Amino acid sequence: MLHLASKSPRRSELLARLGFAFGVLELDLPEHRQPGEPAEEYVRRVAREKAGAGLLQVVATPGALVLGADTEVILDDEVFGKPRDASDAAAMLRRLSGRTHQVISAVSVVSAAREAQVVSVSDVTVAPLDEAAIADYLATGEWDGKAGAYGIQGHAQAFIQHLSGSFSGVMGLPLFETARLLREFGIVPTHAGERA
């Protein structure tokens, strides 16, 4: 059985779109970039750690398969995590304004016998944002809990000038890569997309 090692409602929604039946494992792992750790390797490591921690919860279940994912916003080799508060979110949006940043999504799938990973890298260009636009976006509350202080699936679409890569990857789970990876493990859609 497939398990999603994430409490993100967006990841659950995206995985359900693929038509897979899955259970959800709630994890609370610390996410800290190591000194000198390249941004992409950090994202890969966190995804692997989430999947591994999830597998420990269900290892006694025969045929258990766990999917762990991590998505981060990167600008000038700095990882923009989730903002601490509205002030931190505003500072992030000011830095992203008028620039192209990367969004890296790593997906790890592990079983008792095997592990595999895919990575999606997207380039996202944010239009220049004035203080009024930033204040309006902060008022929506969408920034809360989002890497880089924005959710591309909501009001932020209005200031995404260009996207080269995976829209679902920027949301938190690159669907094309995830579906291909799960097929490699013999997981096929139920077409119901129901959470087990």
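Two strands are taken to pair if DSSP finds at least two bridges between them. In this predicted model, strand E3 (residues 65-75) pairs with E5 in the antiparallel sense, and the pairing extends over 9 bridges. Within it, Ile74 stands opposite Gln102 of E5. Strand E5, which spans residues 100-110, also pairs in the antiparallel sense with strand E6 (residues 115-126), here over 11 bridges, and in this second pairing Ser105 has Ser120 of E6 as its bridge partner. The connection from E5 to E6 is a hairpin of 4 residues. Strand E5 is mostly covered, 9 of its 11 residues being buried.

The nonpolar interior was examined next. In soluble globular proteins, nonpolar side chains tend to be buried together. The largest nonpolar core of the model comprises 44 residues, and those with the most contacts inside it are Leu2, Leu15, Leu67, Leu93, Tyr150, Leu173 and Leu182. The surroundings of Leu173 can be described in detail: when its neighbours within four places in sequence are left aside, Leu173 is in contact with Arg11, Leu14, Leu15, Leu67, Ala69, Val107, Ser168 and Thr178. Another core, of 10 residues, lies apart from the largest one and includes Ala5, Ala51, Ala53 and Val110.

A search of the whole structure for aromatic pairs returns 1 such pair. The ring centres of Tyr137 and Phe159 are 5.3 Å apart and the ring planes stand at 85°, so the arrangement is edge-to-face, given that planes over 60 degrees apart are counted in that class. Tyr137 belongs to helix H4 (residues 131-140), whereas Phe159 lies in the loop between H4 and strand E7 (160-164), and the pair thereby links distant parts of the chain, 22 residues apart. Both Tyr137 and Phe159 are buried.

Charged side chains were then considered. Side chains of opposite charge can pair when their charged atoms come close. The structure holds 14 salt bridges, and among them is that between the side chains of Arg95 and Glu78, with an N to O distance of 2.7 Å. This pair links distant parts of the chain, since Arg95 is located in helix H3 (residues 86-96) and Glu78 in strand E4 (residues 78-80), 17 residues apart. Arg95 is partly exposed, with a relative accessible area of 35%, and Glu78, at 36% relative accessibility, likewise counts as partly exposed.

Helix H3 also contributes Arg94 to a pair with Glu131 of helix H4, which links parts of the chain 37 residues apart; in this salt bridge the closest N and O atoms are 2.9 Å apart. Arg94 is partly exposed at a relative accessible area of 42%, and Glu131 is partly exposed at 45%.

Arg114 takes part in two kinds of interaction. Its salt bridge with Glu184 has its closest N and O atoms 4.0 Å apart. Because Arg114 lies in the loop between E5 and E6 and Glu184 in helix H6 (residues 175-184), the pair ties together parts that are 70 residues apart in sequence. Arg114 counts as partly exposed at 37% relative accessibility, and Glu184 is partly exposed with a relative accessible area of 46%. Elsewhere, salt bridges that share partners join Glu31, Lys50 and Asp70 into one network. In addition to its salt bridge, Arg114 places its charged end over the ring of Phe185, 4.1 Å from the ring centre.

Terms used: Residues numbered from 1 in each chain as written. Predicted model: local features only at pLDDT ≥ 70, side-chain atom pairs only at ≥ 80, totals over all residues. Heavy atoms only, no water. Buried < 20%, exposed > 50% of the residue type's maximum accessible area, 1.4 Å probe, protein only. Helix = DSSP H or I, 4+ residues; strand = E, 2+ residues; numbered from the N terminus. Core = buried A, V, L, I, M, F, W, Y, C linked by side-chain atoms within 4.5 Å. Contact = heavy atoms within 4.5 Å. Phe/Tyr/Trp six-rings, centres within 6.5 Å; stacked < 30°, edge-to-face > 60°. Lys NZ or Arg CZ within 6 Å of the ring centre and 35° of its normal.
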